[in-house]
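Here are my notes on the model you asked me to look over. I have kept them to a few numbered points that you can follow with the structure open beside you.

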Amino acid sequence: MPDLQATAEYLSTGANRHTAIADWSQSGVLAFGANSNICLWTPSASSHVGVEGILSGHKDAVKAVKFLPPTEGGNEVIISGSDDKTLKLWALNADRATGQCIQTLTDHTAPINTIAILKSRNPSTPTLIATGAADATFRVWKYEAGRLLLLSTIKPTPKFFPLTLALSTLDHEDDVVVLAVAGTKDIIQIYVAANTAATLDFQLQATLTGHEGWIRSLDFTWESSAAESDLLLASASQDKYVRLWRLHQGSELPAMTSNADPATSAFLPGKSPANKAHRLQSCDKVFSITFEALLLGHEDWIYSAKWFRSETEQGGGGGGGGTNRPLQLLSTSADNSLAIWEADPASGIWVSMVRLGDISREKGATTATGSIGGFWTGLWAPGGQSVVCLGRTGSWRRWVWDGARDEWKPALSISGHTKAVTGIAWAKGGESLVSTSGDQTTRLHGRWKEAHGETWHEMSRPQIHGYDLNCIDTLGATQFVSGADEKLMRVFGRPRAVAKLLGRLDGSGSDQDAGVDDVADAADMPVLGLSNKAIDAADPPAHVEAEADVDAAPAVRTTALDIDHPPFEDSLSRHTLWPEVEKLYGHGYEISCLATSHDGKLVASACRASSLNHAVIRIFETDTWVEVRPPLAAHTLTATRLRFSRDDRYLLSVGRDRQWAVFEREGEGAPRYQLLQANPKGHSRMILDAAWAPSASPAAFATAGRDKKVRVWSAKTGDDGKTAFGQAAEVACGEPVTAVDFLGRSLTNGALALAVGTESGKMSIHTLDATSLQVVSSTPLPEHLCLPTSVLQLAWRPADDGSQEYQLAVAGEDSSTRIYRLPGLVSA
């Protein structure tokens, strides 16, 4: 097989929930940490392709990401910090979708929480970087010739963990550098150093008090582009307030502070904002820091505060995104809201001009008492015409300024799982993909056909559960069954509103509406339940009570899906649930795996087990949802995968007891199966996955084991007329194999294609001779398409026999769901 020209058609993953997790470059690329990866997304791209590339290299969750200032003609460079205690420098390629790690630093001895880049008005000033970690230190680095050099290490006193840093020059000549540090105490420490020496000697010169909680975000900005402009510092805290501080050059205090009326602090909440001026000195220059303003309006912890200053600050106002705008501050809070603040031109008082998001849905609920939701970070687009924020579900929300209508409008964004993707399954026709995860959600991914192309998006979130989900399979085009860390399986049916949405967006039109007359309009989840209840469009949700002193939960509106684009995050989490059709009981422990027959009439399942009694396979009929007894016994430990053969004649099971078992149907169309053959020594270590080959004669399947081998077994008929499976081929993979899947049809030359995924994230495509089942060729996927952790499942997209479209879906332990296009298979 020639080299695979594989491309990523769809990449979906949720961002980590940290304030410093993302940065938006001047070129329009937004980089964010997702599990141990760094994802690259261009929000303003007209192609709506979503995540364009994933950089893998960290061994643990990424917590901080920053772009370095652009250099003339050079590639963009990203610096990232992780729970693996390392800092990494990445150089992006020209396509801004791929890149390479160019330096790894291990100086920190604990997870890295925050990164700050020097803000300077002079492009020739050397780039300084500050990093803070859970080792209760922060370090200052110099970026030179593509490398980071450590300049100083500082341990704050009193000891605390830095959660946020801000770094700026303090004067117009860039002679003095100021570093603000805050974190797990209610103080802000101000360090100052002369920017003239080879090694910066930062000295603590001021400690700012006033906040009453941990401080989550700091950000510097120049008040204006004038040379004599003051420097402003914004600090956001868990005490629900943002405080602004003014750094002024000269021994004289700024005019507003010197004339301040002490009585104005009497009605401000929290500690009285003292007008004490803190003095800073460096390079024979004197500076003062004074309290400027207290911003109140959020009802919960504030996670981030980011400045935006346009080059022409005059005019504008009203929280808009016009070209002539005053200085603006963007704050995001755990109260599910995002605010844009401006100073009133007449009084100088800072007021919230715009509030976006979900305002006060739960009265009295705070982060400290277990409130759900919240926005973890907010970012300005390079030109200030757009803002994004990160929600609890790892999904981004985006708003774009509409100058014609003078308002901020929600815009298409991206979403994804936030924990390991434990199962994926294509609809039987291949029109959509469902995925399920340890983040307790099931998501449906579908195509959006536009005039300029076709892109994949999350179209529905059918199941939001209370248990981690382990496995999933589809029943036709309109139903699926999922299993979780509970003793039952749940069957869901597609509601009418979602069916119509999918029909509009993928171009199938009314075809998607066929057969949905008997289903509900939508679904709703009761506050204290796990079962999605079917509702009609006219019915209010059952748990909404018209009490004046309780905020009513938002009603499920089917009209929310009368749209011509993929749904936004608030609709996904609220309006796209699927009603639960049935529960399937019988197992004694958590469901470990399940499979549905190709004719959609049977569901087979198994649960976690340590004895023969519980390691049984139970089969349910979908007509009556009744179990077919007796259950099938063969394993002694947990079964890890179940697969029906293409014609449903056989049911294959593999397990942790190192054996595989094949059950044969008792008769044509009969629901009962009986044990045909069990091989207790199928592999020398536990078997993790299995797949049937597309050919029905002779029947063949592959098994994947922790013994670093893939074995192919084929059926042979003995002299007595009985069928038995024997080993036909073996593929040595060099590391434990965690996922396999056969392409559902032969290649153009008649060969079979087998996809293999390993524990380290490597993937390869093997072609097998259709007759002998011997391996003809083996080709690995390109390095940048491999995963940093285990491949948990592989699934080829179903297509017509004559189709030469080859698409492979990948479920990763790194929380990513991916669809790869493999055109190179055509000439295999």
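1. A word on burial before we begin: a residue is called buried under 20% relative accessible area, exposed over 50%, and partly exposed in between, using a 1.4 Å probe and protein chains only. Please keep in mind that this is a predicted model, in which local features need pLDDT of at least 70 and side-chain atom pairs count only at pLDDT 80 or more, while totals for chains, interfaces and linings use all residues. Residues are numbered from 1 along each chain as its sequence is written, and side-chain values use heavy atoms, with hydrogens and water left out.

2. Let us start with charge pairs. Side chains of opposite charge can pair when their charged atoms come close. A salt bridge here is a side-chain nitrogen of Lys or Arg within 4 Å of a carboxyl oxygen of Asp or Glu, and that rule gives 32 of them. One of these joins Lys-142 to Glu-144, at 3.4 Å from N to O. Lys-142 is partly exposed, because its relative accessibility is 22%, and Glu-144 is partly exposed too, at 40%.

3. Compare that with Arg-496 and Asp-521, whose closest N and O atoms are 2.5 Å apart in a salt bridge. Arg-496 sits in helix α2 (residues 496–505) and Asp-521 in the loop between α2 and β38 (522–524), so the pair ties together parts 25 residues apart in sequence. Both residues are buried. Helices (H or I, at least four residues) and strands (E, at least two) are DSSP runs, numbered from the N terminus.

4. Another salt bridge worth a look is Arg-641 with Asp-689, at 2.7 Å between the closest N and O atoms. This pair links distant parts of the chain, 48 residues apart: Arg-641 belongs to strand β45 (residues 639–644) and Asp-689 to strand β49 (residues 687–692). Arg-641 counts as buried because its relative accessibility is 16%, and Asp-689 is buried at 1%. Elsewhere, salt bridges with shared partners join Asp-439, Arg-443, Glu-458, Arg-461 and Glu-569 into one network.

5. What about disulfides, meaning pairs of cysteine sulfur atoms within 2.5 Å? The structure holds 0. For Cys-607, the closest cysteine sulfur is that of Cys-593, and at 9.1 Å it is too far for a bond. Cys-607 is buried, with 1% relative accessible area, whereas Cys-733 is partly exposed at 22%.

6. Now for the interior spaces. A cavity is a set of points, on a 1 Å grid over the protein atoms alone, where a 1.4 Å probe fits but cannot get out; lining residues have an atom within 4 Å of a point. Grid points are joined across faces, edges and corners, and a volume is the space filled by probe spheres set on the points. There are 4 cavities of 30 Å³ or more, and the largest has a volume of about 90 Å³. Its lining includes Trp-41, His-48, Arg-398, Ile-414 and His-457.

7. Finally, the record. The unreviewed UniProt entry annotates "repeat: WD" at residues 55–100, 105–151, 208–255, 414–444 and 680–723; such annotations may be inferred rather than shown by experiment. In the model, the span 414–444 is 0% helix and 52% strand, with its end C-alpha atoms 13 Å apart.

Notes: 1 Å grid on protein atoms, 1.4 Å probe; cavity = no way out; pocket = protein on both sides within 12 Å on 5 of 7 lines; lining within 4 Å. Disulfide = S-S within 2.5 Å.
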